[in-house]
2 protein chains.
Amino acid sequence: MKRFIVLISLTCALLAGCKTQPAQVAHTPGSDVLVLPSPNEMLYAKVYLDQDGAPVYELFHADTPVMLPSALGFELRGTVKYQGLEYSGSEILKPDELPPYMFNSGFEVVDVTFDHFDETWEPVWGEEKSIRNHYNEMLFELRHKDDGKLMNIRFRMFDDGLGFRYEFPDGQPLVHFVIKEELTEFNCAQDNLAWWIPGDFDSQEYEYATSKLSEIPEVFPSRTNQYNSSTTLYSTGGVQTSLQMKTPEGLYVNIHEAALVDYPCMHLLAEGKNLRSFLTPDAEGWKGRLETPCVTPWRTIQVAESAVKQLESRMILNLNEPCALDDVSWIHPVKYMGVWWEMIAGAGSWDYTNAASVKLDSFDYAAAKPNGRHSANNANVRKYIDFAAANGFDALLIEGWNIGWEEWANCNKDYVFDFLTPYPDFDIDALNAYAHSKGIKLVMHHETSSSVRNYERHMEAAYSLMNKYGYDAVKSGYVGDIQPLGERHYGQWMVNHYLYAVTEAAKHHIMVNAHEAVRPTGLCRTYPNLIGNESARGTEYQAFGGTVPEHVTILPFTRLNGGPMDFTPGIFEQNLKEWCGNDSHVNATIANQLGLYVTMYSPLQMAADTPEHYAPFMDAFQFIKDVAVDWDETRYLAAEPGDLLVIARRPKQSSLSGSAKAFSAGRDTWFVGGVTDEEARTADFALDFLTPGKTYEAVIYADAPDADYEKNPQAYVITRRNVTATDSISVEMARGGGFAISLRAL
Amino acid sequence: MKRFIVLISLTCALLAGCKTQPAQVAHTPGSDVLVLPSPNEMLYAKVYLDQDGAPVYELFHADTPVMLPSALGFELRGTVKYQGLEYSGSEILKPDELPPYMFNSGFEVVDVTFDHFDETWEPVWGEEKSIRNHYNEMLFELRHKDDGKLMNIRFRMFDDGLGFRYEFPDGQPLVHFVIKEELTEFNCAQDNLAWWIPGDFDSQEYEYATSKLSEIPEVFPSRTNQYNSSTTLYSTGGVQTSLQMKTPEGLYVNIHEAALVDYPCMHLLAEGKNLRSFLTPDAEGWKGRLETPCVTPWRTIQVAESAVKQLESRMILNLNEPCALDDVSWIHPVKYMGVWWEMIAGAGSWDYTNAASVKLDSFDYAAAKPNGRHSANNANVRKYIDFAAANGFDALLIEGWNIGWEEWANCNKDYVFDFLTPYPDFDIDALNAYAHSKGIKLVMHHETSSSVRNYERHMEAAYSLMNKYGYDAVKSGYVGDIQPLGERHYGQWMVNHYLYAVTEAAKHHIMVNAHEAVRPTGLCRTYPNLIGNESARGTEYQAFGGTVPEHVTILPFTRLNGGPMDFTPGIFEQNLKEWCGNDSHVNATIANQLGLYVTMYSPLQMAADTPEHYAPFMDAFQFIKDVAVDWDETRYLAAEPGDLLVIARRPKQSSLSGSAKAFSAGRDTWFVGGVTDEEARTADFALDFLTPGKTYEAVIYADAPDADYEKNPQAYVITRRNVTATDSISVEMARGGGFAISLRAL
């Protein structure tokens with residue numbers, strides 16, 4: 001490691017880009033001020049100990065402060081005594097009654113080390129063929145003056161932002177410790193505009209609020225009355241990451257975390273324009289149990305000069321460890337359909353009977369009266385297999401195949417599923433054989449109902465069953481309150497579980513798509529069999545009352561910052577009432593739904609509607625057939641959170657399959673997608689990403705002139721024209737609309 | 001089922017033994033009073049609804065009220081809403097903020113059914129060859145008048161006590177529900193003398209207090225400053241079951257529970273002379289998650305006219321379900337030694353290095369410096385194997401064989417053990433081969449450090465490893481706070497786990513001896529591979545400061561009421577200071593320790609001291625070699641909790657093994673044991689249990705005249721004489737002493 005020390009005293013603050021201090025200073029330097037610039041020197045951080053020995057950082061973009069002096073550190077649990085009179089009357093010992101231990105001041109600097117790193121790596125799947133990981137690094141080594149306990153803070157400054165993490169080295173007085181709270185501050189220099197969802201330890205399934213940071217507590221109450229199967233709000237100042245902000249100067253600043261492993265997920269608490277970390281507690285209120293040597297996840301502050309540059313940032317992935325799997329040959333992108341939307345909308349059911357309670361070890365399903373609404377039945381599944389096979393899909397998800405759905409989430413039920421036993425009308429052997437004969441793989445479904453111990457008890461057998469029948473991907477779900485009660489979806493205990501499910505799956509060569517799990521933090525770089533996550537408000541909410549059109553223009557800045565989302569686009573029938581009596585309306589045009597296949601990146605991409613709903617629109621459905629799901633190159637052509645997205649992508653030839661392969665294999669192709677919010681907009685963009693000199697046939701799937709997500713969502717027009725790299729395209733997007741374009745060199 | 005109804009109105013209260021009401025009546029009958037007598041009609045219960053529709057019972061022994069009117073029922077969690085503003089400022093939703101639902105009044109009687117049952121069954125192992133299960137039963141079927149929810153209460157009246165449980169039938173409005181508190185009252189008729197330990201959701205490892213019920217809150221604080229690795233006290237009125245009491249009239253009354261399955265363990269709360277149930281909470285404070293149809297464990301009130309009759313009671317076993325295992329041929333009693341006491345006392349260590357932290361997936365034990373104190377090393381284990389084999393034992397326990405002990409309990413560590421990897425100096429393959437070559441089985445040890453998820457994740461592999469090497473018994477341990485934090489050793493989540501460990505073990509033909517687990521409730525009848533439990537203050541505390549001598553005279557009335565205890569008797573060297581610098585003194589004479597092999601029933605019986613400590617006393621050790629551990633017949637010759645015990649037992653010929661087989665096989669033998677408290681006492685008893693007309697050689701292992709547990713614990717005398725059934729024996733027991741006798745027909 002290149003090792004040199006740069007110490008810049010206060011008296012030479014003009015050196016190395018040290019600008020004037022901002023007006024509002026919460027912390028006065030009490031040590032030399034260290035400066036860490038980005039490789040392109042547009043960003044830099046100042047790091048120092050303040051007069052109390054508290055570690056502090058500041059972040060600047062050129063002349064502009066992005067983060068004012070912000071303190072770092074922890075409050076730890078004090079020493080616990082295990083004997084004596086640790087009770088009071090009828091009260092159980094509470095965490096707050098233990099003396100805390102402040103580990104956020106009183107430090108002295110042991111050493112400072114700088115380093116530089118530059119490499120390019122290739123993801124197993126992704127938005128581009130290769131990713132550059134380029135940063136300057138500073139290791140700030142601290143010792144607590146009172147007791148010699150050690151804590152280091154590692155800073156990595158990229159051109160697209162700052163990452164830092166706490167590191168607790170080996171061989172020191174601190175060995176086992178419990179976090180009461182992480183005290184990381186993000187003191188924004190301005191009262192930024194923010195796209196945020198309420199802080200919640202159990203759910204991310206919210207629409208986004210747009211407000212200034214200082215307005216969050218006022219706006220908060222109006223944002224929480226949304227249906228979630230499990231929810232734990234903690235403060236009207238609470239918001240979640242990835243938090244996208246925009247400064248008055250037009251900088252896009254995003255706070256998130258990277259490489260969340262064996263640590264509670266970080267939420268934020270807003271006070272004015274200041275944010276601070278607020279970790280997810282365990283059942284007793286503690287926020288992390290650690291053992292040295294160890295590191296925290298990276299805390300990230302991405303800074304971009306435009307919305308497009310924010311989308312281009314791969315800082316979260318870069319801060320994760322390289323791939324940990326020796327063999328990734330079995331991991332592949334998947335375009336799939338599902339026996340799913342009809343249950344979500346209410347046209348069918350997951351359960352097989354109307355029994356009020358079923359005990360899996362004694363209930364006799366064979367003798368039970370079917371409710372006649374069970375979607376995962378042999379005939380229906382075969383219909384989907386036929387349609388998926390005929391249209392060149394890779395796979396078919398079937399939910400509700402296994403016994404137990406009569407009383408799944410929030411029944412406080414431990415043994416809710418066995419993940420092994422099909423309902424009587426689901427012939428797992430025959431259906432897999434039939435699907436395989438047609439080139440379709442079935443996608444396993446493991447809804448856990450958040451009875452996590454029960455899932456782990458059955459996991460090995462469940463994965464082995466998948467191997468037996470040839471399933472190679474599983475959608476897992478965590479609906480309802482976590483059992484044991486008191487644990488939270490985003491606490492350390494569950495974070496540990498989600499990764500356990502992924503690493504155990506890898507041993508079985510199984511890809512995981514976990515719903516209701518903790519939000520992604522780039523771990524798919526290290527474990528690329530984590531091929532998808534929900535962890536946000538997905539398409540299903542279009543059947544749960546509907547979702548505002550702007551939602552899909554925000555997700556790529558927030559939720560997708562950490563990894564791909566199984567958003568499940570492709571709804572062609574917006575009138576759920578007529579179909580199945582559901583009062584919800586799907587707030588999107590068909591063209592918008594097509595655009596999502598490009599704008600909402602995922603290597604696991606669903607066509608979520610039913611064969612019946614696609615049948616009248618097979619010309620539009622052609623785009624879903626043609627589009628790839630894994631890419632060698634991506635161009636963000638236009639972007640603004642809450643307004644619109646236009647993105648162009650070039651397929652990765654090596655991972656093409658099915659109908660996408662038929663369209664693109666050996667051909668020079670691109671796909672462009674666009675979506676808008678509730679406003680009609682025109683997308684104008686040059687095709688300069690095309691290979692110069694070649695002519696491409698463009699098939700443009702656009703909203704019809706009279707299209708409107710509320711009144712006329714199914715009106716689209718498909719036009720074909722030949723274009724070259726010197727051409728531009730202009731497409732009208734209806735309210736709640738969008739467009740999709742396939743481009744194939746002639 | 002025999003079905004008849006007996007309804008006795010208030011106006012015919014003189015019928016069927018209805019006695020005058022006690023002076024203090026908390027509940028006035030509002031319905032007919034039902035009477036359920038015991039088969040011998042000495043005991044009877046009255047059952048009725050009071051004027052509020054609350055179910056009430058009373059219990060009488062002959063003319064004497066034992067339990068005054070005591071109410072039954074529950075407070076349940078109210079309906080939980082999953083949406084809306086269920087937060088307040090920065091507060092997380094707390095259970096108490098939900099509206100409760102009282103399910104303890106407002107009932108009407110649906111039906112009452114009486115039944116009678118009489119059968120004799122044979123336990124796989126036990127204190128006698130066969131057990132009579134004989135009771136009158138009444139099913140009290142109730143419906144809540146407001147909402148039609150159903151709750152039945154099933155009463156079983158034996159000659160030795162009353163058992164009742166709540167039953168929630170199928171097909172009713174109550175399906176899934178959460179208990180806030182079980183409201184079962186035990187309103188004692190008198191201010192009984194009680195032998196009790198403090199109510200604690202995590203530990204039972206206390207010495208017993210002896211006080212009147214009304215004195216419990218006053219005495220409580222002086223009883224809690226005892227070392228426990230995990231402890232959660234809840235009230236100064238809290239006590240645990242099995243609670244042994246003695247009425248002023250001399251009746252022995254014991255409150256416990258039977259068949260604790262998937263339900264929190266019941267504690268008690270004392271208020272004056274009244275007791276009520278106080279269930280172990282989960283992390284959020286709830287006390288049980290149930291789904292109809294379901295039943296609670298049995299609540300038991302044993303009533304005996306003498307201490308001996310209390311010990312003769314098999315009511316707890318009788319209230320458990322018959323054996324659930326088809327094949328029990330692999331289950332067998334075990335007399336064993338252990339590489340254990342030297343670590344407990346401090347002469348050796350479980351850990352192999354002095355490393356402050358070890359991460360199992362990266363720490364290099366092979367390269368680590370050994371601490372030189374590791375007891376589970378090849379040479380030491382071979383020494384124990386040699387000694388155990390030479391003396392006809394069945395098995396040898398070795399603790400500290402596997403990696404991870406450097407930081408085990410209460411380090412808040414998730415991945416603390418893998419249960420698979422031996423320390424470098426423990427050659428699992430060679431040691432098992434060596435042991436087997438000498439007729440010794442090794443006993444596996446699975447300390448979990450209460451990291452329960454981690455244990456379950458490794459359980460299948462750990463049990464499979466045992467099968468591979470031929471281990472057929474495991475001692476498991478749950479030292480330290482339960483992880484996830486907030487769960488308790490005696491909560492429903494853990495109760496579920498302990499049984500899971502037993503049933504999974506049965507699949508592998510493995511016997512389980514769980515330490516620090518929930519106290520036994522007779523489940524060994526149903527799962528006889530649950531061959532032992534600690535779940536009380538065992539011999540180890542003699543090295544943790546010592547235990548008062550009376551402790552062993554109380555345990556058979558309390559802890560052993562639910563099943564056998566792995567008490568680990570047989571300490572011959574009381575001076576730990578001289579041995580290894582431990583300041584504790586073992587408060588027992590050698591003769592007392594021998595007596596425990598008879599008085600402290602267990603089919604898994606240890607000789608806990610080291611070969612070196614036995615070597616000088618091999619004449620006394622002969623009793624440990626000769627004594628059996630499984631019995632066809634037991635006679636309680638003298639008993640008083642806190643004072644003394646004298647018990648005689650006749651071996652079960654079919655389960656003899658090793659040196660016990662050499663002594664008893666094909667012979668008519670008996671063993672007698674006696675223990676006293678801190679007072680010297682004379683045990684006088686007739687030998688009328690011997691076969692008339694036969695002459696037996698009696699070998700009497702008694703305290704020497706100058707023996708004293710404090711001053712001269714190793715002084716014993718061994719005498720031999722021939723006796724017949726018409727003889728009596730008188731033995732002097734020293735302070736903290738006892739005796740043991742083997743009797744073999746000539």
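Biologist: Let's start with Ala45(A). Which residue is its bridge partner in β3(A)?

Modeller: Leu59(A) is the bridge partner of Ala45(A). Keep in mind that this is a predicted model. That pair is part of a bigger pattern: strand β2 (residues 43-49) and strand β3 (residues 55-61) of chain A are joined by seven bridges, in the antiparallel sense.

Biologist: In what order do the strands of that sheet come?

Modeller: The order is β1-β2-β3-β4 in chain A, four strands in an open sheet with antiparallel pairing. The edges are taken by β1 (34-37) and β4 (64-71), and each has a single partner strand, so one side of each has no neighbour in the sheet. On average, neighbouring strands here are turned by 15 degrees against each other, ignoring direction.

Biologist: And just before that sheet, what does Gly30(A) touch?

Modeller: Gly30(A) sits in the segment before β1 of chain A. Skipping residues up to four places away in sequence, Gly30(A) touches Leu49(A), Asp50(A) and Gln51(A). For a sense of scale, take Arg559(A), which is 529 residues from Gly30(A) along the chain: their C-alpha atoms are separated by 38 Å.

Biologist: Now helices. How do I read two of them packed together?

Modeller: Two packed helices are described by the angle between their axes and the distance between those axes. Try helix α11 (residues 590-599) and helix α13 (residues 618-626) of chain A: their axes come within 10 Å and cross at roughly 10 degrees. Angles under 35 degrees count as roughly parallel, and therefore α11(A) and α13(A) are roughly parallel to each other.

Biologist: Which residues make the contact?

Modeller: From α11(A) come Ile590(A), Leu594(A), Tyr597(A) and Val598(A), and from α13(A) come Ala620(A), Phe623(A) and Ile624(A). Sorted by type, they are seven nonpolar, no polar and no charged. Here's a handy idea for the spacing: an α-helix has 3.6 residues a turn, so residues three or four places apart point the same way.

Biologist: How many residues of α11(A) are buried?

Modeller: Ten of the ten, so α11(A) is largely enclosed by the rest of the structure. Among them are Asn592(A), Gln593(A) and Thr599(A). In chain B, helix α11 (residues 590-599) also has ten of its ten residues buried, so that helix is largely enclosed by the rest of the structure.

Biologist: Back to strands, then. How do the side chains along β33(B) point?

Modeller: They alternate. Arg681(B), Ala683(B) and Phe685(B) point to one face and are buried, while Thr682(B), Asp684(B) and Ala686(B) point to the other and are not. The strand β33(B) is joined by six bridges to strand β36 (residues 728-733) of chain B, and the two run antiparallel.

Biologist: Why does Arg681(B) count as buried?

Modeller: Buried means under 20% relative accessible area, and Arg681(B) counts as buried because its value is 18%. Across in β36(B), Arg681(B) stands opposite Met733(B). The side chains of Arg681(B) and Thr676(B) are joined by a polar contact of 3.1 Å. Beyond its neighbours within four places in sequence, Arg681(B) has contacts including Asp643(B), Leu644(B) and Glu732(B).

Biologist: One last residue: where does Val328(B) lie?

Modeller: Val328(B) lies in the loop between α3 (315-318) and β23 (334-339) of chain B. With a relative accessible area of 26%, Val328(B) is partly exposed. Leaving aside neighbours within four places in sequence, Val328(B) is in contact with Val124(B), Cys323(B) and Pro528(B). The C-alpha atoms of Val328(B) and Asp472(B) are separated by 13 Å, with their positions 144 residues apart along the chain.

Technical notes:
Residues are numbered from 1 along each chain as its sequence is written. Chains are lettered from A and ligands numbered from 1 in the order in which they are written. This is a predicted model: local features need pLDDT of at least 70, side-chain atom pairs count only at pLDDT 80 or more; totals for chains, interfaces and linings use all residues. Side-chain values use heavy atoms; hydrogens and water are left out. Two strands pair if DSSP finds at least two bridges between them. Axes are lines fitted to C-alpha atoms, for helices over the stretch in contact, and angles run from 0 to 180 degrees between N-to-C directions. Buried means under 20% relative accessible area, exposed over 50%, partly exposed in between (1.4 Å probe, protein chains only). A polar contact is a pair of N or O atoms within 3.5 Å; within protein, one must be able to donate a hydrogen and the other to accept it, and residues adjacent in sequence count only if both atoms are side-chain atoms. Contact means heavy atoms within 4.5 Å. Angles under 35 degrees count as roughly parallel, over 145 as roughly antiparallel, 65 to 115 as roughly perpendicular and the rest as oblique. Ala, Val, Leu, Ile, Met, Phe, Trp, Tyr, Cys and Pro count as nonpolar, Asp, Glu, Lys and Arg as charged, and the others, Gly among them, as polar.
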